[in-house]
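Subject: Structure for you to look over

Dear colleague,

Here is the structure that I promised to pass on, together with its sequence. Please open it beside this message, and read the notes underneath with the model in view.

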Amino acid sequence: MNDHVFVRADRAGFIDYHQPNLAFIRASRVADLVRYYREEPPTDARTWLHDLDAVSAWVEKIQRRGGRVVFFREPAADESLALDEANFPRDRYWDAYARRAPATMIDFRDVPEMKALVLPDTSHIDATDVPRFTIALANLLKSLKLVD
């Protein structure tokens, strides 16, 4: 089933979606996410935000020591994005925390280059897009002065 996942000797992993069973891979990914949300329903937004107070304290401690913390919402598309939004609506979860988080919050939907990535299984980029994704993320972090 994971014959499309490759890990090199340097531990870099890649997913090859140029496979004849792409429809099966995609359907399996979506079914797994449906099952996950059914078995692990989300905490209500108010409790979720309250629980993140501890995370904010950790972030502040890291940043007082000179570190920089970034929370990054990786790309999702189609059924996966719809399921994520149905369970964790951006405005009530991500954006609500972003308004008070001491960390930098980056959602892929705010990065034009990332919205253009193709996600064959609705959740992962194909190995051929890894360089484009990496460059887009690196350029974004540079533009935000988070890296040199």
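What follows is an account of what was found, going from the whole chain to single residues.

Please keep in mind throughout that this is a predicted model. The chain has six helices and four strands, and read along the sequence these elements follow the pattern β-β-α-α-β-α-α-β-α-α. Of its 148 residues, 37% count as buried, while the area that the chain exposes comes to about 9400 Å², with carbon and sulfur atoms supplying 56% of it. Among the contacts between residues at least 6 apart in sequence, 64% join residues that are at least 24 apart.

The interior comes next. The largest nonpolar core has 16 residues, and Met114 and Phe133 are those with the most contacts inside it. Helix α6 (residues 130–143) gives this core its largest share, five residues. If you centre your view on Met114, you will find that, leaving aside residues up to four places away in sequence, Met114 touches Phe72, Phe108, Phe133, Ala136 and Leu137. Apart from this core lies another, of 11 residues, which includes Leu49, Leu52, Ala96 and Met105.

Helix α2 deserves a look of its own. Its 20 residues, 45–64, should span 28 Å at 1.5 Å a residue, and the C-alpha atoms at its ends are indeed 28 Å apart, so the expected and the modelled values agree. There is nevertheless a bend of about 30° in α2, placed at Asp53. The buried residues of α2 are Ala45, Leu49, Leu52, Val55, Ser56 and Val59, and what they pack against is β3 (70–73) together with α4 (94–98). Just after α2, Gly66 takes a positive phi of about 100°.

Turning to charge, side chains of opposite charge can pair when their charged atoms come close. With a cut-off of 4 Å between a side-chain nitrogen of Lys or Arg and a carboxyl oxygen of Asp or Glu, the count comes to 11 salt bridges. Three pairs and one network may be worth inspecting.

In the first pair to inspect, the side chains of Asp32 and Arg35 meet in a salt bridge, at 2.4 Å from N to O. These two residues are three apart in helix α1 (residues 22–39), which means that about one helical turn separates them. Asp32 counts as partly exposed because its relative accessibility is 36%, and Arg35 is likewise partly exposed, with a relative accessible area of 36%.

Another salt bridge joins the side chains of Arg73 and Asp84, at 2.9 Å from N to O. Because Arg73 lies in strand β3 and Asp84 in helix α3 (residues 78–87), this pair ties together parts of the chain that are 11 residues apart in sequence. Arg73 and Asp84 are both buried.

The side chains of Arg132 and Asp129 also meet in a salt bridge, at 3.2 Å from N to O. Are these two residues buried, partly exposed or exposed? Arg132, at 40% relative accessibility, counts as partly exposed, whereas Asp129 is buried, with a relative accessible area of 11%.

Beyond these pairs, a network of salt bridges links Glu85, Arg90, Asp95, Asp107, Arg109 and Asp110.

Finally, there are some backbone angles to check. Most residues other than glycine have a negative phi, so the two residues described next may merit a look at the backbone around them. Asp78 has a phi near 50°, a positive value in a residue other than glycine; Asp78 is found in helix α3, and with a relative accessible area of 47% it is partly exposed. Lys145 has a phi near 60°, again a positive value in a residue other than glycine. Lys145 lies in the segment after α6 and counts as exposed, because its relative accessibility is 65%.

With best wishes

Technical notes
Residues are numbered from 1 along each chain as its sequence is written. This is a predicted model: local features need pLDDT of at least 70, side-chain atom pairs count only at pLDDT 80 or more; totals for chains, interfaces and linings use all residues. Side-chain values use heavy atoms; hydrogens and water are left out. The expected span of a helix is 1.5 Å times one less than its number of residues. The bend at a residue is the angle between axes fitted to the seven residues ending there and the seven starting there. Buried means under 20% relative accessible area, exposed over 50%, partly exposed in between (1.4 Å probe, protein chains only). Contact means heavy atoms within 4.5 Å. A nonpolar core is a set of buried Ala, Val, Leu, Ile, Met, Phe, Trp, Tyr and Cys residues joined through side-chain atoms within 4.5 Å. Accessible areas come from the Shrake-Rupley method with a 1.4 Å probe; for residues, only the protein chains shown count as cover.
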